[in-house]
Amino acid sequence: MDWNTVFASRASRMNASEIRELLKLLDQPDIISFAGGIPDPELFPAQAFQDAFAQIFTDGQQGVALQYSVSEGYGPLRDWIVQEMAKIGVPCDRENILITSGSQQALDYLGKIFLSPQDTALVAWPTYLGALGAFNAYEPLYDQLSPKGNRGAQDYRAAAEQAGGTVKFAYTSVDFANPTGETLDKQTRNAILDLAEELNIAVIEDAAYQALRYKGSALPPILALDILRNGSINATRTLYCGSFSKTLSPGLRVGWVCAAKDVISKLVLIKQASDLHSPTLNQMAVSIVAEKHFDGHVAKVRNTYAQRCDAMLAALSRHMPDGVSWTKPDGGMFIWLTLPKTIDTNILLEQSLKTEKVAFVPGRAFYADGTGANTLRLSFSCAKPDQIEEGMKRLGRLLRAS
């Protein structure tokens, strides 16, 4: 059977993630990989989770843990998130929190709730590849989010209407973004809110890396700035997507959305139709570990990644040839390289895997318009300093030859 004749039109926009394919390289022992933007498994709080799961079953909570549950999520975990959101300037209630199966599910739900075919999503150039994958199924168009550029709300609106839709949201990762590692300053965060207010659109704030700051002072989330303007979270337009994947465990798939009650109630309906609820057992374990260990564990993670980030920045300075530039992140997991325009990093990766045994992610996949062929992403989270030094030495040698 020719399945393409019966697939919905949106299926043609579903492509394999280049990053997920590159993760397969991690199983090859001779490859030094800076490709996977994943936590170091050696840093997982394994004993804490072992104790948490044991506590659930020895305290007689197995009936709750193994049963169907409410779509909004496990109450004590939502209460813990409420306390954490308050610490970063976002006062809210349990009803403002929806637990999702990782923040990736949240992005899929938000694409579903906002996007009709031919509507426009404003995203950075480059942006998180997983966000493009989540939104693509709903057949949007993309325009470059440039809040401090020379384009105003009317320009964005006119471009969207000419394409047959309207602008629906601005998607942004404000702290240590994937893939660039860059952080938006407070002025830019406010400029995004200004633009969103002029366009009367939502702001999707992807905060997956917010807790992983190594340098400098924390900046208020866009949601916090929105609350300052409007007085209450229930009067805001910003949806904050958080995750435990980069701090405690990606495998348990626990994330959340924090937003106005009106939009949370709509997302709950999508959750009910999608998977009923995220696994209660996982939520309970995360709740226990977060309550007991979150601050101490995250401090340990930050210290380790900070050392690796510094090691990579130093190695880049030693080994990269002239014409190569890179970002200098204050947190997160990524450094973004820009190479001379004559270099295509997709071709460079093929050469690198054959001759230097070094993996990275070519940058083109992060651009909604397919540009960025001369860029690439490096992740330092899973590499030891000696691997970083050797990997940058090899990559520099390859670039000189190119």
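The following dialogue asks how several descriptions of this predicted model are justified.

User: What makes helix 6 (residues 129-136) mostly covered?

Analyst: A residue is buried when its relative accessible area is under 20%. In helix 6, 7 of the 8 residues are buried, and they are Leu-129, Gly-130, Ala-131, Leu-132, Ala-134, Phe-135 and Asn-136. The helix is therefore described as mostly covered.

User: Why is Lys-246 said to have no salt bridge?

Analyst: A salt bridge requires a side-chain nitrogen of Lys or Arg within 4 Å of a carboxyl oxygen of Asp or Glu. For Lys-246, the nearest side chain of opposite charge is that of Asp-206, 7.5 Å away. That distance does not meet the cut-off, so no salt bridge is assigned to Lys-246. The residue is nevertheless buried. Lys-246 is found in the loop between strand 7 (238-243) and strand 8 (255-258).

User: Which residues does Lys-246 touch, not counting residues up to four places away in sequence?

Analyst: Contact means heavy atoms within 4.5 Å. On that basis, Lys-246 touches Gly-37, Pro-39, Ala-208, Tyr-209, Leu-212 and Met-333.

User: How do you know that strand 9 (residues 325-326) and strand 10 pair?

Analyst: Pairing requires at least two bridges between the strands. Strand 9 and strand 10 have 2 bridges, so they count as a pair, and its sense is antiparallel. Across this pairing, Ser-325 stands opposite Thr-338 in strand 10.

User: What joins strand 10 to strand 13 (residues 375-379)?

Analyst: These strands run antiparallel and are joined by 5 bridges, so the requirement of at least two is met. Trp-336 has Arg-377 in strand 13 as its bridge partner, and Ile-335 stands opposite Leu-378. Strand 10 (residues 334-338) is also mostly covered, with 4 of its 5 residues buried.

User: Why is one side of strand 9 and of strand 12 (361-362) left without a neighbour in the sheet?

Analyst: The open sheet has 4 strands in the order 9-10-13-12, with antiparallel pairing. Strand 9 and strand 12 stand at its edges, and each has a single partner strand, so one side of each lacks a neighbour in the sheet.

User: Which strands does helix 11 lie across, and how do helix 4 (residues 75-87) and helix 11 (residues 280-319) pack?

Analyst: Helix 11 lies across strand 9, strand 10 and strand 13, running at about 20° to strand 10. Helix 4 and helix 11 pack at an angle of about 35°, and their axes are 8 Å apart. Their crossing is left-handed. Residues of helix 4 including Trp-80 and Glu-84 are among those that meet residues of helix 11, including Ala-290 and Phe-294.

User: What makes the phi values of Asn-200 and Leu-276 worth noting?

Analyst: Most residues other than glycine have a negative phi. Asn-200, however, has a positive phi near 55°, and Leu-276 has a positive phi of about 70°. Asn-200 lies in the loop between helix 8 and strand 6 (202-206), whereas Leu-276 lies in the loop between helix 10 (261-274) and helix 11.

User: Why is Asn-200 called exposed, and Leu-276 partly exposed?

Analyst: Exposed means over 50% relative accessible area, and partly exposed means between 20% and 50%. Asn-200 has 61%, so it is exposed. Leu-276 has 42%, so it counts as partly exposed.

How values were computed:
Residues are numbered from 1 along each chain as its sequence is written. This is a predicted model: local features need pLDDT of at least 70, side-chain atom pairs count only at pLDDT 80 or more; totals for chains, interfaces and linings use all residues. Side-chain values use heavy atoms; hydrogens and water are left out. Buried means under 20% relative accessible area, exposed over 50%, partly exposed in between (1.4 Å probe, protein chains only). Lys and Arg count as positive and Asp and Glu as negative; His and the chain ends are not counted. Axes are lines fitted to C-alpha atoms, for helices over the stretch in contact, and angles run from 0 to 180 degrees between N-to-C directions. A crossing is left-handed if the near helix is turned anticlockwise from the far one by less than a right angle, and right-handed if clockwise.
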